Amino acid sequence: MDPIVKVSEPHYCNSLTSYSRRKTIPVRVGDVLIGGDNPIVVQSMTTVDTMDTNGSVEQCIRMIESGCQLVRITAPSMKEAENLRNIKAELRKRGYNTPLVADIHFTPNAAELAARIVEKVRINPGNYADKKKFEVIEYTDESYQDELARIQERFLPLVKICKENGTAMRIGTNHGSLSDRIMSRYGDTPLGMVESALEFLRICESENFHDIVISMKSSNTQVMVQAYRLLVQKLDEGGFKPYPLHLGVTEAGEAEDGRIKSAVGIGTLLEDGLGDTVRVSLTEDPEFEAPVAKALIDRYTDRAGHQDIEPISDYSINPFEYTKRHTAEVYNFGDHNVPRVITDISRVEKVTEKEMKAVGHFYLPELDKWKMNDIGCDFVYSGSNPIPFMLPNGMKEIQNYEIWKQAPDQVNKFPLFSLAEANDSVIRHSELNFLEILDTQMDEAISFVEEKKNWVLILKTNNKHGMPAMRASMIKLLQSKNEIPVVMKVSYPDQTTDMTMLYTATDVGGLLIDGLGDGIMMSLENEGEHTREEILDQVKLHNSVSFGVLQAARTRMSKTEYISCPSCGRTLFDLQETTAMIRKRTDHLKGVKIGIMGCIVNGPGEMADADYGYVGSGKGKITLYKGKEVVKRSVPSKNAVDELIEIIREDGMWNEPESI
Ligand code: SF4
């Protein structure tokens, strides 16, 4: 395999500290330009059957009205490719000039037809010229070259048609559907994903065809981020043109989980100036996707001109491989501990036992006992409003130092200090003290902490370029070899629910992806005036988003993970309804990954590393998987959820849900 990188010189982006968009070549797709100096483009994909012309047109219009600038439609065979003509004609007749993209898997003939009709064609290099048999094949250099020649023969006609018709192309690699050839040679890795696209890109370049956009999608956010970064590096090193990037996380799911997972992957890359077009895939109606993509993108319209961040002299993180920053164990932070969740309840005066359900801890008065759900926070921050009752064992309280130093119980509560308080303090906790600092105070914090063992940093920033500011600050810790655990504190006062999710997922998720951070604290700092109920709703949201971000960045699994496809014209059942039904029965299975895929053509490949799979295999028929292995074929859909649970039970992964 190729050597990957010299980690001290990451060159996957223009700057790690100053916002700057990667300069790409502009690619024309109808009236829309992707890349160059053009604004980042929002796109999405229809879900109705492509043969339903009217339904497709109506859905396209709803998507366009919601902010979608490019509409992708699946063309699984010649007849759907042909029907793109009718859909396009009807849209134009109704005054919508939005460019259309044909989505192709396995069918070069449909691609060649669609390329004459619509403005862009998406191909998946994993299945354009290959059928997946999950075989491991030993290649000699010669037989590998023969394979490349075979791909060239299959792919070249499409390149020529695109060139002749001014049709753009996306080479869209999916982590879950790499060809057996790539898997055999590079494995299931970011490098394999990049090479999968480069095989096809070389053919395009040999024909002098450059109207290309590239994507590296995965449902695993770490893999997705690493693959895009590696792609940029390989394009630069290989002397390729700087093609625009289409960003997306596949099978992100629905609602809060889907938004958070998308933002962890897409937001992390946008922060570093990567990405020219964005598609957020949610298991929801497609008109809900564009506003989420737009909210992610809009954060960068006035990002340049942020406060300066000290340049990084020695970047000691490998951006292409996950490695957790090594930290010392302090109480239950750092080292092998999962990242901790600190939920801020400091704005709730005289909080009651009953209200602790907002942070996942439930008081049962009849039994005088506490229970917690899967997202029970580890710590609550009460600030200057101490909690007037005894907390359960699983949750501890953090108080402001001024309160803590007069508290009757200084053992079971922990103090939070500012730098000035920490320097002046005479009493400290014997096991755990929190030091809250701004990113710009890191040098002082390092001097203060030195060899002290019982401290955890709470790091925040006022810089608009927040994630890179916190990252640069944490790099100083790495350089100083100080192993103090760090909790990342963020606050987005008075934002909507969606913005709170997306911003946290981007800012904290981006750090977690690079192995930084030992905890998360979403603060109520600077929130405006709100009623007690509104503040409690905010606390509940913060608690759940905190766990969601840790899960989406794959650093702490606290809930069942659903890898559900966004659905498209191939889908064989109502994905939203089915996902809701499966979720209802299984959402207590902490850490279990369940793939819910609309079709057997792409589903099994795309559900990536799911533990179990529920895949549409015919009308009213479901095929059930354990990992990549088929366990039951053609199960009638009315029994399929029960059968799925049976498989999980037989596998020893089932437990009965507890009622709280
Ligand atoms: S897995 Fe889902 S989104 Fe992908 S092709 Fe099949 S039905 Fe469409």
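The lining of the second largest cavity divides into four nonpolar, three polar and four charged residues. This comes from a predicted model.

**Cavities**

There are four cavities of 30 Å³ or more in the structure. The largest cavity holds about 310 Å³ of space. It is lined by 24 residues, and those closest to its centre are His-105, Glu-251, Cys-565, Pro-566 and Glu-606. Strand E7 (168-174) and helix H17 (603-606) are the elements that give two or more residues to this lining.

The second largest cavity has about 120 Å³ of space. Among the residues that line the second largest cavity are Ala-252, Asp-257, Gly-548, Gln-551, Lys-559 and Tyr-562. Here the elements that give two or more residues are helix H8 (255-271), H15 and strand E21 (561-564).

The table sets out the two linings by class.

| Cavity | Nonpolar | Polar | Charged |
|---|---|---|---|
| Largest cavity | six residues | nine residues | nine residues |
| Second largest cavity | four residues | three residues | four residues |

**Helix H15**

Helix H15 covers residues 532-552. What span should its 21 residues have at 1.5 Å a residue? The expected value is 30 Å, and the end C-alpha atoms of H15 are 30 Å apart, so the two agree. H15 is mostly covered, with 16 of its 21 residues buried. Just after H15, Arg-554 takes a positive phi of about 65 degrees. H15 is also one of the elements that give two or more residues to the lining of the second largest cavity.

Note on methods
Residues numbered from 1 in each chain as written. Predicted model: local features only at pLDDT ≥ 70, side-chain atom pairs only at ≥ 80, totals over all residues. Heavy atoms only, no water. Helix = DSSP H or I, 4+ residues; strand = E, 2+ residues; numbered from the N terminus. Expected span 1.5 Å × (residues − 1). Buried < 20%, exposed > 50% of the residue type's maximum accessible area, 1.4 Å probe, protein only. 1 Å grid on protein atoms, 1.4 Å probe; cavity = no way out; pocket = protein on both sides within 12 Å on 5 of 7 lines; lining within 4 Å. Points joined across faces, edges and corners; volume = space filled by probe spheres on them. Nonpolar A, V, L, I, M, F, W, Y, C, P; charged D, E, K, R; others polar.
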